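Visitor: I have a structure to go through with you. Could we begin with the ligand?
Guide: Certainly; here it is.
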Amino acid sequence: MENQILQVLKNRRSIRRFKEEKVDKEIIEQVLKAGLLAPSSKNKKPVEFIVVEDKETLLGLKDSKDKGTEGLKTASFAIVVIADSQLSDVWVEDASIAAILIQIAASELGLGSCWIQIRNRKNDTVDSEDEVRKILNIPDKYSVLSIMALGYKDEDYASYDDKAYDFSKVHYGKY
Ligand SMILES: Cc1cc2nc3c(=O)[nH]c(=O)nc-3n(C[C@H](O)[C@H](O)[C@H](O)COP(=O)(O)O)c2cc1C
């Protein structure tokens with residue numbers, strides 16, 4: 001029997017199609033607690049979250065980027081991961097840790113999730129980050145890392161198996 005944390009990590013897959021079923025507030029809160037437990041450089045805690053459940057707003061966010069936003073079409077809710085980039089010079093790392101913890105917790109709570117990259121992305125005409133900032137009224141000092149699309153899965157992917165362990169990427173001692 002494999003170590004429990006490895007099995008948890010094998011089970012997490014990106015899900016881009018969700019059921020209409022609503023997700024209870026208590027479950028959403030548990031997912032958020034995972035994000036709030038994220039460590040941060042110098043313990044500055046620059047990361048904040050915006051929970052979006054409104055359908056129209058979710059569809060607006062979907063259009064903030066040309067490709068890779070299909071998860072937002074059916075998502076029951078989204079968590080937008082932002083950080084005060086004036087507070088920490090390594091906010092990208094801090095926000096990324098929070099984002100993946102959200103995905104792992106969601107998976108363990110029976111939800112599907114997909115990371116939708118916003119930082120350094122654009123649609124035809126505008127910068128995706130500016131677009132998201134405008135839609136959600138986010139103050140300028142915050143940068144937007146990603147939008148996590150979440151909900152009950154309407155598609156299924158197999159868990160990873162031991163073939164995912166590519167030890168050719170591991171170097172001992174020296175490269
Ligand atoms: C930094 C990062 C950015 C990503 N951006 C997107 C995205 O914009 N749209 C999307 O549908 N998936 C996105 N993904 C999900 C990846 O495509 C997915 O993790 C990868 O294909 C592996 O599949 P898995 O998550 O099921 O293991 C992103 C993942 C990461 C880590």
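Guide: In this predicted model, an oxygen atom of the ligand lies 2.8 Å from an N or O atom in the side chain of R13. The side chain of R12 likewise has an N or O atom 2.8 Å from an oxygen atom of the ligand.
Visitor: And what is 3.3 Å from a nitrogen atom of the ligand?
Guide: A polar backbone atom of W115 is at that distance from the ligand nitrogen. The protein covers 61% of the 620 Å² of accessible area that the ligand has on its own.
Visitor: Which other residues are around the ligand?
Guide: Besides R12, R13 and W115, the surrounding residues are S14, R16, K65, G68, C114, I116, Q117 and Y160.
Visitor: How does that shell divide into nonpolar, polar and charged?
Guide: Four of its residues are nonpolar, three are polar and four are charged.
Visitor: Changing topic: at roughly what angle do the axes of α3 and α6 cross?
Guide: The axes of helix α3 (residues 55–62) and helix α6 (residues 128–136) cross at roughly 165° and come within 10 Å. Angles over 145 degrees count as roughly antiparallel, so α3 is roughly antiparallel to α6.
Visitor: Is that crossing left-handed or right-handed?
Guide: The crossing of α3 and α6 is right-handed.

How values were computed
Residues numbered from 1 in each chain as written. Predicted model: local features only at pLDDT ≥ 70, side-chain atom pairs only at ≥ 80, totals over all residues. Heavy atoms only, no water. Near = heavy atom within 4 Å. Polar contact = N/O pair within 3.5 Å; in protein donor to acceptor, adjacent residues only side chain to side chain. Areas by Shrake-Rupley, 256 points an atom, 1.4 Å probe, with all protein chains shown as cover. Nonpolar A, V, L, I, M, F, W, Y, C, P; charged D, E, K, R; others polar. Axes fitted to C-alpha atoms, helices over the stretch in contact; angles between N-to-C directions. Helix = DSSP H or I, 4+ residues; strand = E, 2+ residues; numbered from the N terminus. Parallel < 35°, antiparallel > 145°, perpendicular 65-115°, else oblique. Left-handed = near helix turned anticlockwise from the far one by under 90°.
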